[in-house]
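Here is a friendly tour of one model, with a look at its backbone, its surface and its interior. Please have your viewer ready.

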Amino acid sequence: MMAGHNVAVILAAGSSRRFGGDKRLANVYGVPMLQRSLAAYTACDITVCVVLRPNDPITDLVPEGVRVIEAADADFGMGHSLAAAAVQLNSVERLLVGLADMPWVKTSTVELVLAHIDAKDVIVRPSFQNQLGHPVGFAGRYLNDMKALRGDVGARELLKKHARNLRRVAVDDPGVLLDVDFRENLDS
């Protein structure tokens, strides 16, 4: 079990089916997408974890200091990956959930979302041009709810259930909306 006041969990255990290959290895500004996506989080004063499949060959690309959490049920969806991370964490005050296929999120956005998790029941989402994005910030009390997540909708049900606690934070960062599902997403 891992304790820490501020933790970022980056989900990177997907299969990249729509991309047609391992998108975590795709070149983004001269580095693999996984490393580029993690950079926004590792630049902050937080504990960073990345969720991978068991025996994932990409483990060698994980920067020093980033903890790898294996999700044995990753094939069943993001909810299972997030649950796998949640069971490895305890005593978390603030938790950020980010995606490994969002390499353009700015460090300043990560810090801003983290700073707005200032109450025991708040959920924070960055908003760019009135569209909600990632990373999503959760007060630590939601960690137990995350342990029960299943399926391929990530924390969507948790967000619905606690919608009254959602706080939007406007950011000047289009990266909160830009994920890479297809190779064409890298060309734009």
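Gln129 is exposed, with a relative accessible area of 64%; exposed means over 50%, buried under 20% and partly exposed in between, using a 1.4 Å probe and protein chains only. This is a predicted model, in which local features need pLDDT of at least 70 and side-chain atom pairs count only at pLDDT 80 or more, while totals for chains, interfaces and linings use all residues. Residues are numbered from 1 along each chain as its sequence is written, and side-chain values use heavy atoms, with hydrogens and water left out.

Gln129 sits in the loop between strand S7 (123-128) and S8. Helices (H or I, at least four residues) and strands (E, at least two) are DSSP runs, numbered from the N terminus. Although Gln129 is not a glycine, its phi is positive, at about 50°. Tyr29 also has a positive phi, and its loop lies between strand S2 (27-28) and strand S3 (31-32). For context, most residues other than glycine have a negative phi, and most peptide bonds are trans.

| Residue | Phi | Relative accessible area |
|---|---|---|
| Gln129 | about 50° | 64% |
| Tyr29 | near 55° | 61% |

Where is the cis peptide bond? It runs from His134 to Pro135, with omega near 10°. Pro135 belongs to the loop between strand S8 (131-132) and S9.

Pro135 also touches the interior residue Thr109, which is buried at 3% relative accessible area. Thr109 is part of helix H3 (residues 107-115). Beyond its neighbours within four places in sequence, Thr109 is in contact (heavy atoms within 4.5 Å) with Pro126, Pro135, Val171, Asp173 and Val176.

How many residues of helix H2 (residues 78-88) are buried? The count is 8 of its 11, so H2 is mostly covered. Those buried residues are Gly79, His80, Ser81, Leu82, Ala83, Ala84, Ala85 and Ala86.

Back at the surface, Lys120, Arg141, Lys161 and Arg164 form a positive patch. Patch residues have over 30% relative accessible area and no salt bridge, with like charges joined within 9 Å; a salt bridge is a side-chain nitrogen of Lys or Arg within 4 Å of a carboxyl oxygen of Asp or Glu. Arg141, one of the four, is partly exposed at 41% relative accessible area, and its place is in the loop between strand S9 (136-139) and helix H4 (143-146).

Conventions:
Patch = residues over 30% accessible without salt bridge, like charges linked within 9 Å, V, L, I, M, F, W, Y side chains within 5 Å. Areas by Shrake-Rupley, 256 points an atom, 1.4 Å probe, with all protein chains shown as cover. Lys, Arg positive; Asp, Glu negative; His and termini not counted. Charge placed at Lys NZ, Arg CZ, Asp CG, Glu CD.
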